[in-house]
Amino acid sequence: MKVPLLDLKAQYATIREEVERTVLEILESQWFILGPNVQECEKQIGEYCHCPHAVGVTSGTDALLISLMAEQIGPGDEVITTPYTFFATAGSVSRVGATPVFVDICPKTFNIEASQIESRITEKTKAIIPVHLYGQCAAMDPIMEIASRHGLVVIEDAAQAIGAEYKGRRAGSIGHYGCFSFFPSKNLGCAGDGGIVTTQDPDRAERLRTLRAHGSKPKYYHQLIGGNFRLDAIQAAIICVKLKYLDGWTKARQANADRYRHLFTETGLVEKGLVTLPLDLSQTTGSRHIYNQFVIRVPNRDALRSHLTERGIGTEIYYPVPMHLQECFAPLGYHEGDLPESELAARETIALPIYPELSEDQITCVVQEIRAFLESSS
Ligand SMILES: *Cc1c(COP(=O)(O)O)cnc(C)c1O
């Protein structure tokens with residue numbers, strides 16, 4: 001049985017008519033950049049994320065970049081973040097001229113280990129960027145407490161976490177900025193690149209709005225050095241169509257995760273320590289995991305991945321090389337062994353298909369193939 005890692009066509013088939021109608025309306029209007037559709041998208045995403053302000057931008061990467069720009073973070077400044085994330089998190093810090101400072105992850109949640117943050121704070125530290133990896137929030141209470149004690153800005157990288165909750169609070173509503181991506185493979189994806197920044201603070205929102213249009217206010221009078229970070233109307237309108245279905249899709253992802261847990265436990269692989277399931281904090285802390293990814297730990301990960309590929313099962317490694325060991329960050333001076341939990345996670349983890357339209361049979365098939373491999377190789 002073929003099981004792709006992600007099947008965007010399956011989802012599109014359920015909303016095709018609505019999306020087509022919406023896109024055609026925009027083509028008729030010929031209003032492509034910002035405008036009423038973007039405003040509506042900002043209003044709806046703001047409400048969904050429990051934030052009074054949301055500013056549509058060109059991508060999740062640019063959401064991070066423009067948040068750093070809005071805080072005037074630049075050369076000589078340090079920003080604390082996790083090395084176990086997509087490149088954009090640390091890349092944005094370097095692109096504004098600041099220095100990323102990496103703190104290792106908690107091996108159970110894969111998110112930044114909050115208890116190690118304080119020891120890396122210096123007079124140069126300006127911000128912390130926690131990443132809500134795979135759709136589960138980082139430990140925001142201790143992070144916000146440390147940040148407020150040291151006067152630091154917190155930029156949530158919530159690119160994988162739209163609708164996730166930490167103790168009842170939505171991702172993106174806890175820090176000073178929440179950065180979201182509408183890249184097609186995220187839980188709420190558009191038909192291209194897109195992103196949004198949420199904030200509780202009207203002054204920050206105003207700065208973001210100015211910066212995304214070349215820093216001009218009014219037009220042709222440049223207060224700040226901004227850039228072109230504008231969300232376009234077609235993407236915004238598609239996001240509004242899809243947002244109505246997001247909670248249903250999230251429920252389906254959670255049900256798929258439950259099914260994996262149940263089946264893996266039944267196989268005995270968990271008890272034998274051959275499969276480590278992802279920790280879901282929702283039972284214990286009133287949080288909400290939205291399962292952008294379902295990531296397990298296994299021994300012999302690369303061989304398992306080849307086995308699954310041969311059998312038509314899609315998987316991915318998020319992420320094979322932690323940021324502190326990337327070639328482009330070599331000048332930062334990190335070495336192998338510096339952040340051992342991130343390095344171990346990079347070796348042991350594999351993401352399984354978790355998309356909402358996955359069938360029960362497909363999940364059973366994935367578990368059976370993993371079982372067959374692990375039992376024969378152990
Ligand atoms: C996807 C992602 C981004 C970047 O979003 P884009 O829209 O692709 O630019 C940033 N951070 C994390 C953690 C992501 O997963």
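Helices are taken here as DSSP runs of H or I of at least four residues, numbered from the N terminus. In this predicted model, helix 1 (8-29) and helix 7 (233-267) each contribute at least two residues to the lining of the largest cavity, and helix 7 gives the most, with three residues. The cavity itself has a volume of about 90 Å³, and of the 15 residues that line it, Leu6, Leu8, Gln11, Arg253 and Pro356 are the closest to its centre. Its lining comprises six nonpolar, four polar and five charged residues. Because domain 1 (8-240) and domain 2 (246-377) both give residues to this lining, the largest cavity lies between them.

In total, the structure holds three cavities of 30 Å³ or more. The second largest cavity encloses about 80 Å³ of space, and Phe110, Tyr134, Pro278, Leu279 and His289 are the closest to its centre among the 13 residues of its lining. By class, that lining is made up of eight nonpolar, four polar and one charged residues. The second largest cavity, too, lies between domain 1 (8-240) and domain 2 (246-377), since both domains give residues to its lining.

The largest pocket has a volume of about 400 Å³ and is lined by 24 residues, of which Phe86, Gln160, Ser181, Phe183 and Lys186 lie nearest its centre. Helix 3 (60-70), helix 4 (87-95) and strand 8 (177-181) each supply at least two residues of this lining, with helix 3 giving the most, namely three residues. The lining of the largest pocket has ten nonpolar, eleven polar and three charged residues. Both domain 1 (8-240) and domain 2 (246-377) give residues to the lining, and the largest pocket therefore lies between them.

As for the ligand, 15 residues surround it, the closest being Gly60, Thr61, Gln160, Ser181 and Lys186. Three of its contacts with these residues can be described at the atomic level. An oxygen atom of the ligand is placed 2.8 Å from a polar backbone atom of Gly60, whereas the contacts with Gln160 and Ser181 involve side chains: an oxygen atom of the ligand is 2.8 Å from an N or O atom in the side chain of Gln160, and an oxygen atom of the ligand is 2.6 Å from an N or O atom in the side chain of Ser181. Taken alone, the ligand exposes 380 Å², of which the protein buries 94%.

How values were computed
Residues are numbered from 1 along each chain as its sequence is written. This is a predicted model: local features need pLDDT of at least 70, side-chain atom pairs count only at pLDDT 80 or more; totals for chains, interfaces and linings use all residues. Side-chain values use heavy atoms; hydrogens and water are left out. On a 1 Å grid over the protein atoms alone, a cavity is a set of points where a 1.4 Å probe fits but cannot get out, and a pocket is an open set with protein on both sides within 12 Å along at least five of seven lines; lining residues have an atom within 4 Å of a point. Grid points are joined across faces, edges and corners, and a volume is the space filled by probe spheres set on the points. Ala, Val, Leu, Ile, Met, Phe, Trp, Tyr, Cys and Pro count as nonpolar, Asp, Glu, Lys and Arg as charged, and the others, Gly among them, as polar. Domain bounds come from an automatic or database domain assignment. A residue is near a molecule or strand if one of its heavy atoms lies within 4 Å of it. A polar contact is a pair of N or O atoms within 3.5 Å; within protein, one must be able to donate a hydrogen and the other to accept it, and residues adjacent in sequence count only if both atoms are side-chain atoms. Accessible areas come from the Shrake-Rupley method with a 1.4 Å probe; for residues, only the protein chains shown count as cover.
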